[in-house]
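The following exercises ask for a careful reading of one structure. Each task is followed by a solution in steps.

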Amino acid sequence: MIKIIDHPLAKVKLTLLRSKDTHFSLFRKSMQEISYILAINSLSDLELNQTEIETPLTKTKGYEIKNKLLIVPILRAGLGLLPGFTELVSTATVGLIGLKRDEDTLLPSQYYLNIPKNLEDYVIILLEPMVATGGSLRKALNILIENRASKIKVCSIIAYHKTITELESEYPFVDFYVLALDNELNEKGFIVPGLGDAGDRTFGTI
């Protein structure tokens, strides 16, 4: 399933991310703010356990998250979307997948991996801000699946329409949450109009 998050605040924040004039400090802040929007939308179907609590006046029912959550940013750009998830769900485990794209072949290679050994019981949120050729996302999805992941949600900011449609067909059990779909890729594999390199713009290394 592809879910387009069509929220007014998401559109405003996305405008800041797209603008070439946005300083990296504001870009980073906007990424973090968008992470809350993505978290609220992608986690709307979490299962809950009912509990009993006591207010200052009386006893009443409360709720706790039933699911085991694993948040996995794809390094390094995915780190920009991590704050909203960890702040809203402080009990979530955080894993990391490091992938580097060859600028000539556009193919990803893994340089770092730190995730729980068995992912069978987790709901996994995979953070990949830009889905362009889809190589890094496919690589990350396959790593998770090899480790017995079955409940996966992908959270992105912008996706190339053709790629995300192909991924939806290849991974029908994965839910994709994205703020915008763009219709072009340039010769370097960047989404057009896009927002440039999300990692460089987040960390000020342009």
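**Exercise 1.** In which loop is Glu 128 found? Determine also whether Glu 128 counts as buried or exposed, and list its contacts beyond the sequence neighbourhood.

*Solution.* The coordinates belong to a predicted model.
- Step 1: Glu 128 is found in the loop between β8 (122-127) and β9.
- Step 2: The relative accessibility of Glu 128 is 10%. Buried means under 20%, so Glu 128 counts as buried.
- Step 3: With neighbours within four places in sequence left aside, Glu 128 is in contact with Ile 74, Ser 136, Leu 137, Cys 155, Ser 156 and Ile 157.

**Exercise 2.** Apply the same reasoning to Gln 50: in which strand is its place, and does Gln 50 count as buried or exposed?

*Solution.*
- Step 1: Gln 50 belongs to strand β2, residues 48-54.
- Step 2: Its relative accessibility is 56%. The exposed class begins over 50%, so Gln 50 counts as exposed.
- Step 3: Outside the four places on either side in sequence, the contacts of Gln 50 are Lys 61, Gly 62 and Tyr 63.
- Step 4: Glu 64 is 14 residues from Gln 50 in sequence, and their C-alpha atoms are 6.5 Å apart in space.

**Exercise 3.** Describe how β6 pairs with β7 and with β4, giving the sense of each pairing.

*Solution.*
- Step 1: β6 (96-101) and β7 (residues 108-114) run antiparallel and are joined by six bridges.
- Step 2: Leu 96 has Asn 114 of β7 as its bridge partner, and Leu 99 stands opposite Gln 110 in β7.
- Step 3: The two strands form a hairpin with six residues between them. In the turn, Leu 106 has a positive phi of about 65 degrees.
- Step 4: With β4, β6 pairs in the parallel sense, over two bridges. Ile 74 has its bridge partner in β6, namely Ile 97.

**Exercise 4.** Which residues of the largest nonpolar core touch the most other members, and which element gives the most to this core?

*Solution.*
- Step 1: The core holds 35 residues, of which Leu 38, Phe 85, Ile 125, Leu 127, Ile 157, Ile 158 and Leu 195 touch the most other members.
- Step 2: Two or more residues each come from α1 (8-18), α2 (24-42), β4, α3 (82-88), β8, β10 and β11 (174-182). The most come from α2, with six residues.
- Step 3: For one member, Ile 125, the contacts beyond four places in sequence include Leu 43, Leu 70, Val 72, Phe 85 and Cys 155.
- Step 4: Another core, of 26 residues, lies apart from this one; Ile 97, Leu 126, Val 131 and Leu 144 are among its members.

**Exercise 5.** Characterise the largest pocket and the second largest pocket by volume and lining.

*Solution.*
- Step 1: The volume of the largest pocket is about 730 Å³. It is lined by 27 residues, and those closest to its centre are Ala 77, Leu 99, Arg 101, Ser 136 and Asp 197.
- Step 2: At least two lining residues each are supplied by β4 (68-75), β6, β9 (130-131), α4 (135-146) and α6 (198-203).
- Step 3: By class, this lining has 13 nonpolar, seven polar and seven charged residues.
- Step 4: The second largest pocket holds about 160 Å³ of space. Its lining includes Asp 45, Glu 47, Val 123, Lys 151 and Phe 173.
- Step 5: Strand β10 (residues 151-160) provides the largest share of that lining, three residues. The classes are four nonpolar, one polar and five charged.

Terms used. Residues are numbered from 1 along each chain as its sequence is written. This is a predicted model: local features need pLDDT of at least 70, side-chain atom pairs count only at pLDDT 80 or more; totals for chains, interfaces and linings use all residues. Side-chain values use heavy atoms; hydrogens and water are left out. On a 1 Å grid over the protein atoms alone, a cavity is a set of points where a 1.4 Å probe fits but cannot get out, and a pocket is an open set with protein on both sides within 12 Å along at least five of seven lines; lining residues have an atom within 4 Å of a point. Grid points are joined across faces, edges and corners, and a volume is the space filled by probe spheres set on the points. Helices (H or I, at least four residues) and strands (E, at least two) are DSSP runs, numbered from the N terminus. Ala, Val, Leu, Ile, Met, Phe, Trp, Tyr, Cys and Pro count as nonpolar, Asp, Glu, Lys and Arg as charged, and the others, Gly among them, as polar. Buried means under 20% relative accessible area, exposed over 50%, partly exposed in between (1.4 Å probe, protein chains only). Contact means heavy atoms within 4.5 Å. A nonpolar core is a set of buried Ala, Val, Leu, Ile, Met, Phe, Trp, Tyr and Cys residues joined through side-chain atoms within 4.5 Å. Two strands pair if DSSP finds at least two bridges between them.
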